[in-house]
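Biologist: Please bring up the model. I have some questions about its interfaces, sheets and unusual backbone geometry.

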Amino acid sequence: MTLVSGWGRFPVVDSDVLRPRSFAAVGEAISAGTVARGNGRAYGDAAIGAARTVAMTGFDRVRWFDPATGRIRLEAGVLLSDLIETFGPRGFLPFVVPGTRFVSIGGAIAADVHGKNHHCEGGFGRYVESILLRTGQGEVIEASREQNSDAFFATIGGMGLTGIILEATMRLRPAKTGWIRERVISASDLDAAMRALDASDSATYSVAWIDCVARGKDLGRALIYLGEHAGKDELAAGAAAFPIGKDPGLRVPVDLPSMTLNRISIRAFNELYYRMGARRTGGSQVVSLYPYFFPLDSLKDWNRIYGKRGFLQHQCVIPEQGARAVLGDILERVARRGDASFLAVLKKLGQGDGILSFPLPGYTLALDFPLRGDILNFLDEIDRLVVAAGGRLYLAKDARQSRATFAAGYPALQRFNAIRKSLDPAGTIRSKLSQRLFDEV
Amino acid sequence: MTSRKSVLVLGGSSDIGRAAARAFAKAGYDVGLAGRDVAVLEPDAADLRARYNIEVGLYRFDVLDTASFESFVGGLPALPDVVVSIVGLLGVQEKAESDLAHATMIMRSNYEGPSLILGLFAEKFLGRGNGTIVGVSSVAGDRGRASNYVYGSAKAGFSAFLSGLRARASRGGVHVVTVKPGFVRTKMTEGMKLIAPLTVEAPVVGDAILQAVESKTDVVYVSGKWRLVMLIIKTLPEAVFKKLKF
């Protein structure tokens, strides 16, 4: 057995880790309590098998690519970073990227990851045409919107619980450059931030950074980052059409003492960040896709900032109706605590595509908290507000929500479970997350 | 006929072989992949074609079948600009201590076969007046250790062969690179306890091989730390060394 954890480094649990070299070996590796793992960027326990974890990053081949249409067939272990670096210079980018480029295709499908364009372009799954799936029952099936469609829509956002994704066919976005024309708007409070996001519905990319320690009249003050793909004529003279994604130069060398993140340091950072951002408002600037989409990737092993005990991310989505009051309440409580991270993110989401996909039309708020003190109780308190508002939590980031919170947030759960059962009557595919939230006790 | 440069990777289905092929393909080389089982190489060939829009050829090559070497080289459609040998076999030291067949296979896979085939390419390259030869050897060849001296001695022989070949071939316009990767996370080392700060992933080795070819480096320790580690290990007096547990 090996000790395994997700990106948040909580929980740390035992699971047998296998690294098969062929699809036949993947099939042989599946036994009771198995789930697939991509690059380990899920925060909690989603990619840890109840008993056995099958590592998929070795499957990193491109099967075929059609340069005329941008359609591509890939093995599930290909990383988004690889896809961007290889096909960007050939004029194609993924339609949807999350906040890190170090996720695998299989993981991106299983979590139906969303990006800064979900409000207008949907999630990762929308651009997946078909999936080669190894089910718990031992079959290898091709699933698409037309063929095995129940399995298809259960696999998108299904957290790996329908089986092991082996390959996928997807569409890439034609892109003339790897640069983004960015516009920054500053918002002095939550109302202004939400208004600015509402007014930016037509922007391809939009996201707000929220100062989650600001209180009183500053509560919810934010910087809103809007983005559009830049054309070649917008680039500085001599700039390459596709910037190089450098390996993270900076890295966090050791686990920082958990005192590093405290009220004072976060407050100081946020004040500085807000002021620097506010200075960039007004015009627009053309920035590389890397800092625009993946600001944290430039700091390798940034999860170590939170110390050895790890951290929790709390990402909820609140339906549009009544979102203002609930978000205000959550932010007020978070600001009062003062120990949430300096990276609180607010953005608008549209309708999700998979049966269990996280997005629903509304606002999503993501907060990081170091794991200490009474944080688990505090997050339970926040969950009650989320549930009362008809919201839900993002499974790819969750490590601690209760079954009741989960069931309340995902009304399609029964339908998902029925499909899961038909693909895997013996209940072979199980993760620590599914044991915690889904499986019959 | 393309004007692109070409590389032939012997041991193309290994993790380092795949990584090297990708590194060269990305840099615009056409690629030949050679291995015992051509069918195993097909998915990697498809991957390289899809990613980089280059020509990829597949060839059957068995490093133990030295009798086939001349026809293998003669049967290639064209002589490549660069040939890289990644072929090797770690084997099991304990088994090799009493099992002569196993020891023989380790020695032949790491020394005899790679040396003979690269020697053959060297002759062809010298005849043409240019070319680059890359041998992936090992830090294990720098000094024999109790825990893997059968493998290490074969790698030592291979390193010495490459060193001599370099001295001779350089006068004829042919460059020889010796690569000593240190610990690499591959299927060969799966399940072994590797020292994390001294361990690299296969793509790092692939990039280092390309870099060494382009910059005409002679001997590459993929992680610079290994050069220091091996310098220390090489300079320990034998009386001390034999008492150490490696």
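What follows is a set of questions and answers on this structure.

Modeller: This is a predicted model: local features need pLDDT of at least 70, side-chain atom pairs count only at pLDDT 80 or more, and totals for chains, interfaces and linings use all residues. Residues are numbered from 1 along each chain as written, chains are lettered from A and ligands numbered from 1 in the order written, and side-chain values use heavy atoms, without hydrogens and water.

Biologist: How many residues of chain B are in contact with chain A?

Modeller: Contact means heavy atoms within 4.5 Å. Chain A contributes 14 residues. From chain B the number is 15 residues.

Biologist: What area do chain B and chain A bury between them?

Modeller: Buried area is the accessible area (1.4 Å probe) that two parts lose on being put together, summed over both. Carbon and sulfur atoms carry 36% of it here. The total for chain B and chain A is about 1,100 Å².

Biologist: How many salt bridges are there between chain B and chain A?

Modeller: A salt bridge is a side-chain nitrogen of Lys or Arg within 4 Å of a carboxyl oxygen of Asp or Glu. A:Asp60 and B:Arg22 form one, with the closest N and O atoms 3.2 Å apart. The count between the two chains is six.

Biologist: Which element gives the most to the side of chain B that touches chain A?

Modeller: Helices (H or I, at least four residues) and strands (E, at least two) are DSSP runs, numbered from the N terminus. Helix 1 (15-26) and helix 2 (38-52) of chain B each give two or more residues to that side. The top contribution is seven residues, and it comes from helix 2 of chain B.

Biologist: Chain A next. How far apart do the C-alpha centres of domain 1 and domain 2 of chain A lie, and what is the distance in Å?

Modeller: Domain bounds come from an automatic or database domain assignment. Domain 1 of chain A spans 62-176, and domain 2 spans 179-400. Their C-alpha centres are separated by 24 Å.

Biologist: Which three residues supply 25% of the area that domain 1 of chain A buries against domain 2 of chain A?

Modeller: The two domains bury about 3,000 Å², with 60% from carbon and sulfur atoms. In contact are 34 residues of domain 1 and 38 residues of domain 2. No other three residues of domain 1 supply more of its buried area than A:Arg101, A:Lys116 and A:His119.

Biologist: Why does the salt bridge of A:Asp353 and A:Arg126 tie together parts that are far apart in sequence, and how many residues apart are they?

Modeller: The rule finds two salt bridges across the domain interface. The side chains of A:Asp353 and A:Arg126 meet at 3.3 Å, N to O. A:Asp353 lies in the loop between strand 18 (344-349) and strand 19 (362-370) of chain A, and A:Arg126 in the loop between helix 4 and strand 8 of chain A, so the parts tied together are apart in sequence by 227 residues.

Biologist: Which are the edge strands of the open sheet of eight strands in chain A?

Modeller: Two strands pair if DSSP finds at least two bridges between them. The order is 15-11-13-12-18-19-17-20, with antiparallel pairing. Pairing on one side only marks strand 15 (284-288) and strand 20 (392-393) of chain A.

Biologist: Which residue in strand 13 of chain A stands opposite A:Val207?

Modeller: Strand 12 (205-210) and strand 13 (222-229) of chain A run antiparallel, joined by six bridges. Opposite A:Val207 stands A:Tyr225.

Biologist: Which residue takes a positive phi in the hairpin of strand 8 and strand 9 of chain A?

Modeller: Five bridges join the antiparallel strand 8 (128-134) and strand 9 (140-144) of chain A. A:Ile131 has A:Ala143 as its bridge partner. The hairpin has five residues between the strands, and the positive phi, near 105°, belongs to A:Gly138.

Biologist: What is the phi of A:Asp112?

Modeller: Most residues other than glycine have a negative phi, and most peptide bonds are trans. A:Asp112 is placed in the loop between helix 3 (105-110) and helix 4 of chain A. Its phi is positive, near 40°.

Biologist: What is omega for the cis peptide bond that joins A:Phe10 and A:Pro11?

Modeller: A:Pro11 is in the loop between strand 1 (2-4) and strand 2 (13-18) of chain A. For the cis bond joining A:Phe10 and A:Pro11, omega is about -5°.
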